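Trainee: I am new to this structure and would like to look closely at just one part of it. Please pick a region and walk me through it slowly, explaining the terms as you go.

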Amino acid sequence: MSESSVPQADTSLADVHPADMPETDIAEEGGEGDLVVDGISKRFRTGRTDVHALDNIHLHVRPGEFVCLVGPSGCGKSTLLDIIAGLTRPDEGEVKADGQVVAGPHRHRLVMFQESALFPWLNTLGNVMFGLKLVRGLTRRQRLEIARSHLRLVGLEQFARANVHELSGGMRQRAALARALAPDPRVLLMDEPFSALDAMTREQLYGDLQRIREQRRKTIVLVTHNPREAVCLADRVILMSSPPGRIRDEFAISLPRPRDINTAEVAGYASRITMALRSYNDPELEA
Ligand SMILES: Nc1ncnc2c1ncn2[C@@H]1O[C@H](COP(=O)(O)OP(=O)(O)O)[C@@H](O)[C@H]1O
Ligand SMILES: [Mg+2]
């Protein structure tokens, strides 16, 4: 695809990616990525089932902090992330981003999913440029420059022209990360972004994400069911259990960075977290 054929703003695509959301609820000036989850509860009622997905969740994520939500499948991690993103409405409680109540999606809170959700009809560069439509007032040249610099940041500059189907799983997630970072959001929300990758690719991305995070400081909330991954990446690991989905405990991780997931220190924290998570499902183990 030639540069001139990289798509321009096209509102017909507006319904297909959560990043492509209008600027809705936060003024440009304001805080710096502070997140307060205040008393969130959520039920899903469908037919005869009634799932109490989240019960009275309180969480404060400070500007620039990296928090991991960890817990078994079904404990409400994705629901909580979607509520923070403004994609799902809670039944009770509210989320405040930089002091303002979250009423919908916003370019300062972008989400990255397990599957990269790249547009197959755009090349790598086009996908990153697409995310930049969220930023008002950029010329095409500026979008191109910002997109290129973010492809460099994630090590994909050689693949700017590649089609999505030519990229490996790890490269797709790198491209998705570049797309999420390019609009310079204050908060990056990541839902199991590495779960579909093989172990070696995943470990590379842990290193990349730590390096990138040093360069582009963001508030990050990452969801995972993998305690080691959480310890490797987070300043603070939040432990959840269900049903109903609740926060049970938190661990501050004070290990130096960059962290290698294969070290004894990471394993030590992770095993304590695993034991705690197990105990929530087995009352006899609970202290
Ligand atoms: N849109 C929905 N409709 C009905 N039930 C849902 C919906 N989304 C999530 N749930 C239910 O809410 C609970 C929490 O789901 P989820 O947040 O996806 O958990 P996790 O991400 O921790 O695996 C699960 O029991 C799930 O089946
Ligand atoms: Mg989930």
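Mentor: Let's start with a word we will need often: a residue is buried if 20 or more other C-beta atoms lie within 10 Å of its own, exposed if 12 or fewer, and partly exposed in between, with the C-beta atoms placed from the backbone. Helices (H or I, at least four residues) and strands (E, at least two) are DSSP runs, numbered from the N terminus. Keep in mind that this is a predicted model, in which local features need pLDDT of at least 70 and side-chain atom pairs count only at pLDDT 80 or more, while totals for chains, interfaces and linings use all residues. Residues are numbered from 1 along each chain as its sequence is written, and chains are lettered from A and ligands numbered from 1 in the order in which they are written.

Our region is built around α2 and α4. Begin with α2, residues 124-131. Eight of its eight residues are buried, so the rest of the structure largely encloses α2. You can find them as Thr124, Leu125, Gly126, Asn127, Val128, Met129, Phe130 and Gly131. These buried residues pack against α3 and α4, where packing rests on contacts, that is, pairs of residues with backbone-placed C-beta atoms within 7 Å.

Take the α3 side of α2 next. The axes of α2 and α3 are 9 Å apart and meet at an angle of about 115°; axes are lines fitted to C-alpha atoms, for helices over the stretch in contact, and angles run from 0 to 180 degrees between N-to-C directions. On the α2 side, the contact uses Thr124, Leu125, Val128 and Met129, and α3 answers with Arg143, Leu144, Ala147, His150 and Leu151. By class, six of these residues are nonpolar, two polar and one charged. Here Ala, Val, Leu, Ile, Met, Phe, Trp, Tyr, Cys and Pro count as nonpolar, Asp, Glu, Lys and Arg as charged, and the others, Gly among them, as polar.

Now turn to α4, residues 169-181. Its 13 residues should span 18 Å at 1.5 Å a residue, and the end C-alpha atoms are 18 Å apart, which agrees; the expected span is 1.5 Å times one less than the number of residues. This helix is mostly covered, with 10 of its 13 residues buried. Arg172, Gln173, Arg174, Ala175, Ala176, Leu177, Ala178, Arg179, Ala180 and Leu181 are the buried ones. Their cover includes β6 (109-112), α2, α3 (140-153), β7 (187-191) and α5 (199-215).

Pause at Arg179, which sits in α4. Arg179 counts as buried because 29 other C-beta atoms lie within 10 Å. Its C-alpha atom is 5.6 Å from that of Gly131, although the two residues are 48 apart along the chain. Gly131 is one of the buried residues of α2, which brings us back to where we began.

Finally, follow the chain onward from α4. The loop between α4 and β7 holds Asp184, whose phi is near 55°, a positive value in a residue other than glycine. Asp184 is partly exposed because it has 15 C-beta neighbours inside 10 Å. Beyond β7, the loop leading to α5 contains Glu192. Glu192 is not a glycine either, yet has a positive phi of about 45°. With 20 other C-beta atoms within 10 Å, Glu192 is buried.

Conventions
Contact = placed C-beta atoms within 7 Å.
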